[in-house]
Every structure is written in C-alpha cells, then in structure tokens.
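Student: Please give me a close look at the salt bridges, taken as one part of this model. I would like a connected account rather than a list.

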Amino acid sequence: MRATFANHLSKSPDSRMVIVLADIGRYQFRDFPQERVIDVGISEQTAIDIAAGLSLSGMCPVVYGIAPFIVERAYEQIKIAAYNAAAITIVTCGASYDYGTEGATHHCPNDVDILSLIPGMRIYTPGTGNEACRLFDRVHGKGMNYIRLSDYENASTLPVNPNETCIIQLYENVETTVVAFGNTLDAAREAIGDRRINLVYATEYRDSYKDIPGSRLVFCADFAYPGLPHLFANDVLPRGELTKDLIKSVREGIEEWDK
Amino acid sequence: MSDLNALRRDILKAAYLSGTGHVPSSLSCLEIVHTLYTRVMRPDDVFILSKGHAALALYAVLGSIGELPANWPEKFCKPDSGLLGHPDKSRLDLFYAGGSLGHGIGYGIGAAIAKRLKGEAGRVFVLVGDGELQEGSSLEALRISESIANLYIIIDGNGTHYAQKGIADRFIFCDSAQDIETEIADESSLIWVSTVKGHGISAMEKDPQAWHHRAPNAEQYAEMLRELE
C-alpha cells in the first residue's frame, strides 16, 4: 500500500503539494520533487505545525509518518491545525496492529476513534493502495484528512469515494448488515460465508451510518470503536491470529442479532 | 511612551471591564508588538503571536492602527465580539490562532518555507514567550529553524521562566524592544528582548505571578490609571 501510494504522489503535477516527513519515508518518496520534501526528523509534533503553516500560506501539505507517533503524540497539534482551518492530509503507516510483534508502543488501534473527536476531521481507512490513491485525489487540499495505510490489503480494489459506502451484497427482508472497514473486507466475507447477510464496505469512518441498509449492524474493523474494550497487548500479535479473532467476533455479532 | 501608555490604558480597561485577561504577559511584550507593527513589518510579512495569552497586547496594537474599532476594550471577552482571551481567527484577520504554547515557531517555519517555494516576498515574525521555550515542541522547531531563511523568532524575555542556558546562548540579546528594528535590519533571526512582566504598572511589576491571570477591581484600576497619566 505504501509503495503504491508514494508512487502515485510522485507523479502528481500539483506544484503546491509538499510532503512533510517525520524521519521515515525518504526512500518511498525519492521520486517526488525533492525541493518539496521536508524531513523534520524525529519531531512529529513540529511536522504537523509546519504543515499547518504551509497550508495557511497556500501550499497543500501531506504529513507522512508512523500512526501512533503522529496521531497520539501530535494529537494536540492536529486539533490546533483543524482549529486554524488548515488543510492537511495526514497519511500514516503501521495501522492498528500492523506492528503486532513490536509491542504496545507501536500499536495504534485507537487512531480512528480519537481523531473522530476533532471537529471537521475526515478519516479514511482504504483497503488497498489504489483505493488510498483514489481517496487521496478526491480529498487532498480540502480540510483535515487522515488516510490510514496498512501493510495488509484486500484482494481487490473497489471504486470507493468519500462519504460513500459500497454495497457488496444486499438481500430483501434481511436486516443484519456487516459493515467491513478497509482491509477487513476479505475477513468479513469469510465470516459471512454463504449466509444471507448484507455486506457493506466502508472506507470512511463517520459518526452516523443511517444510509447503510439494515437495522442490525455488525462492525468489522481492525481498529477500536466505541464499545470495544481497550487493552494493552502484552504479547506478540501474529496477523493470522488477529484475523481469526476478527472473523470469530463478526460471527458472534451476527449470532447475537439472530437470538 | 505616551502612545504606549494609551495602549496600556486600553489593556487595563479591557481587563477591568471583562474581569479577565493576562495583563502582565501582555504588558511585557506590548512594545515588541507595537514596534513590529508600526516600524518593522511590511504588507507581505506574516506575524504569529505564539504566546496567545498576550492577546490584549495584540488587540491594543491592532486598535491603535485602526484594524480594530477604538472601543475594542469594551468588547473584550464579551459574546459575539470575536475578541477572545486567546486570539481566534474566525472574526479577525490573523494568520494564526493560538493559545496552547509551543506551536508558533513550527507555524512560522511552514509559512517561511511556503514563501520560498512560491517565490513570494515577505518575512515571517514569531513572538514567543521565554516560558514557551520549555515546551518540547519549541525545541524541535528551534532546531529545524536554523536552516530557514526569512524567519525571525523574537523572545519576550520577561524572565518568568528561564530557558536552559544553551538555548538562550543562540539569541542576540536586546535591552529594549526598540532595538529589534536594528537587529532585524541586520538580519539577526533569533532575538531575545529583555522585558518586564507587567511593565508600566508597579503592582504587577512587583508581583507578576499574582497578577498573571487576574483583572483589577475598581480601586486598583483607578490607581493603575493614575500611574499611566
């Protein structure tokens, strides 16, 4: 996802685009015009402040860094940039438990939830690199955006758009709908199997899902959302195990509605 | 000085009528803001008040140059005025809305880089409190600012908080706000101005911390006005 996204940006003709890096990504963005790459070093807070200053001066900054160090360390900077009406696209790698072997300092399951508390923040969880590029092209330069890249992709790319969901399957008179976010679509398909359950694919996290069909929603996401327990992981989290847990919890969610 | 006393009276009036405001921190940097707006800055320049709690100093100067109505002190911290205790941008023509400390230098770097990339004229001035240099984000930004042209960082050194010696050593020191005009003309980009918290009001100069976020009562207000006559 990261390479696809970086290559896409490197081909952009937009001379106002500036990439602000917090010590990672120099290699990925090696083909981007280097006079518009600003690597601030291990200074995530200042990466956001500088991007805000660039935006308020007419440039279109992208901040790229590792999810927990950008979102959780520089949370106040993101809030103040939003308050100052800056337009920044924040792009992170290391989604949720992508660094599952590295310990809780490197996990970031709460990014989506806490960013959703900032007024005006738009939050995208694309499921493939091409979806990330498509969403970026539609939102960049317009307000505060967060695009979460992951090391894990869905098998296929869908024609995703901001403020829209994709209906994967919809049955008449079926009220249970699984809402799969980003890179969990394949796991959601597996959880549903051949059951007559609606499946909707979402790449934007929103306050309300009133437009989604069905009254019995089951969320399928690899990030924390309100209602889930928040725990530090004190052990290695292998990707395969996480996916199995997710499939199990989606099936339990479906069965809960069936009771 | 008489000009500045009129501005000090405005600041006191605003605090007295609203019952709030950071008066001593505004008085310490009033002369710096005034010098920048009246003798240094040109239309292409950008000003960032990083120490947003000195909003009263900014409002007083904007009032004196006609960018705020003369009766602004009556509106300070009143509903629908747009004149908040820390500057808000929604109804004022400001580059930066601040209040939380330690952000202004980063915004200044971004603004200065943008001017370079766009080939635009103009300089960027950031007014920072000495206490703000204790913020980690200020230190991050100060390190990065070393390589940035057309960025002037001016410290309101009112001595309430002492920055580590190694940081202060990088600055050119000025005894008076009026000297910054010369230093900026010489392209000194890190300027530390020795100031007095509560400058001009003896009660506040004597006990600046007690007055940090406090408005005078009627009696105190009258006494302070007499001092400024």
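**Salt bridges, within and between chains**

Tutor: The side chains of E256(A) and K259(A) meet in a salt bridge, 3.4 Å from N to O. A salt bridge here is a side-chain nitrogen of Lys or Arg within 4 Å of a carboxyl oxygen of Asp or Glu. The model is predicted, with local features needing pLDDT of at least 70 and side-chain atom pairs pLDDT 80 or more, while totals for chains, interfaces and linings use all residues; side-chain values use heavy atoms, without hydrogens and water. Residues are numbered from 1 along each chain as its sequence is written, and chains are lettered from A and ligands numbered from 1 in the order written.

Both E256(A) and K259(A) are exposed (over 50% relative accessible area; buried is under 20%, partly exposed in between; 1.4 Å probe, protein chains only).

Two further pairs belong to helix α8 of chain A, residues 239-258 (a DSSP run of H or I, at least four residues, numbered from the N terminus). E241(A) and K244(A) form a salt bridge with N and O 3.5 Å apart. These two residues are 3 positions apart in the helix, so about one helical turn separates them. E241(A) counts as partly exposed because its relative accessibility is 40%, whereas K244(A), at 53%, counts as exposed. The other pair is K248(A) with E252(A), whose closest N and O atoms are 3.4 Å apart. K248(A) and E252(A) lie 4 residues apart in α8(A), again about one turn of the helix. K248(A) is exposed at 51% relative accessibility, and E252(A) is partly exposed at 41%.

Chain B offers a network: K115(B), K118(B) and E120(B) are linked by salt bridges. Over all chains, the structure holds 19 salt bridges.

What, then, is the count of salt bridges between chain B and chain A? The count is 0, although 23 residues of chain B are in contact (heavy atoms within 4.5 Å) with 26 residues of chain A. Helices α5 (104-118) and α6 (136-145) of chain B are the elements giving two or more residues to the side of chain B that touches chain A. Of these, α5(B) supplies the largest share, 9 residues.

In summary, salt bridges join E241(A) to K244(A) and K248(A) to E252(A), while none is counted between chain B and chain A.
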